[in-house]
Amino acid sequence: MNCEVELEELSKDFIKELGNIGTGNAVNALSQLLNFPLEIDTPNLRVLPFQRITEIIAEAETPLTGIMVEVFGEINGMFLFLLDETFTGQVVRLVLGEEITDFTSLTEMEESLLLELGNIMCGSYIRALSQLLDMEMDVSVPQISVDMGGAILTAAMSRFLRTSEELLMIDNVFCMDTGTFSGRILFLPEMETLHDLLRKLEELQNG
């Protein structure tokens, strides 16, 4: 089964709605966290084979902050929020009023802030997914990693021996007075979850 083709054909409207709801969920919560107004452009969502991810993620050899949230229940898998050093530094500067001196050795306060940021972003799309599919899911406590993008992805994948070969990639652009920043969310479902999503999308499409 070519899940990429089937998902793309079944879910164009679904993916658009997922982006709209997820973004709407995130904006107010992020503005409150940062104590700073921001907007999020309409995200770009794509379903991709995992083997293509290092081709698409130009930051594979660039230091990134990754916040991982596992989901389980009727949907099982992992959400991973990736942001570069510029965006990471801007968030810390806005909220804590300090500069990060060492990205590889964050303070407890810096880690806590970034974990909450990732929790908000991943949670926004998790809630949207649950709402649209009417499927129950629980989430883990978020975890943080600062490393090269490729290393973060490899470590995340190693936690799931039965992860599907497809993933959902969500590109967000955050617009603030201080500049424009990009952040990327990856949803790596387990194989059974991907099949369940296909069946659920078929049901929704067929009414």
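S124 is a buried residue, with a relative accessible area of 0%; buried here means under 20% relative accessible area, exposed means over 50%, and partly exposed is anything in between (1.4 Å probe, protein chains only). S124 sits in helix α5, which covers residues 108-133. Helices (H or I, at least four residues) and strands (E, at least two) are DSSP runs, numbered from the N terminus. Once its neighbours within four places in sequence are set aside, S124 touches G22, N25 and A26, where contact means heavy atoms within 4.5 Å. This is a predicted model, in which local features need pLDDT of at least 70 and side-chain atom pairs count only at pLDDT 80 or more, while totals for chains, interfaces and linings use all residues. Residues are numbered from 1 along each chain as its sequence is written, and side-chain values use heavy atoms, with hydrogens and water left out.

Next comes the helix pair. Two packed helices are described by the angle between their axes and the distance between the axes. Helix α2 (residues 12-34) packs on α5 at an angle of about 145°, and the two axes are 8 Å apart. The axes are lines fitted to C-alpha atoms, for helices over the stretch in contact, and the angles run from 0 to 180 degrees between N-to-C directions. The crossing of α2 past α5 is right-handed; a crossing gets that label if the near helix is turned clockwise from the far one by less than a right angle, and is left-handed if anticlockwise. Sorted by class, the α2 and α5 contact holds 16 nonpolar, six polar and three charged residues. For that sorting, Ala, Val, Leu, Ile, Met, Phe, Trp, Tyr, Cys and Pro count as nonpolar, Asp, Glu, Lys and Arg as charged, and the others, Gly among them, as polar.

As for its own dimensions, α5 has 26 residues and reaches 36 Å from its first C-alpha to its last, close to the 38 Å expected at 1.5 Å a residue. That expected span is 1.5 Å times one less than the number of residues in the helix. Just after α5, D134 takes a positive phi of about 55°, although D134 is not a glycine. D134 belongs to the loop between α5 and β5 (137-139), and D134 is exposed, at 63% relative accessible area. N35 also has a positive phi, near 55°, in a residue other than glycine. The loop that holds N35 runs between α2 and β1 (39-40), and N35 is exposed too, with a relative accessible area of 70%.

D134 comes up again through E74, a residue of the loop between β3 (63-73) and β4 (77-84). E74 and D134 are 60 residues apart in sequence, yet their C-alpha atoms are 9.7 Å apart in space. Leaving aside neighbours within four places in sequence, E74 contacts D134, M135, E136, T193 and D196. With 39% relative accessibility, E74 counts as partly exposed. M78, by contrast, is in strand β4 and is buried, at 0% relative accessibility. M78 and S140 are separated by 62 residues in sequence and by 9.5 Å in space, C-alpha to C-alpha.

T62 comes from the loop between α3 (53-56) and β3. It is partly exposed, with a relative accessible area of 32%. From T62 to D84 it is 22 residues in sequence and 8.0 Å in space, C-alpha to C-alpha. Not counting neighbours within four places in sequence, T62 is in contact with D147, M148 and G149.

G149 is also one of the buried residues of helix α6 (residues 149-158), alongside G150, I152, L153, A156 and M157. Seen down the axis of α6, these buried residues fall within an arc of 160°, so they line one face of the helix; the arc is that of the directions from the helix axis to the C-beta atoms. An α-helix has 3.6 residues a turn, so residues three or four places apart point the same way. T154 and S158, on the other side of α6, are exposed.

For the protein overall, there are seven helices and eight strands. Of its 207 residues, 50% count as buried. Among contacts between residues at least 6 apart in sequence, 74% join residues at least 24 apart.
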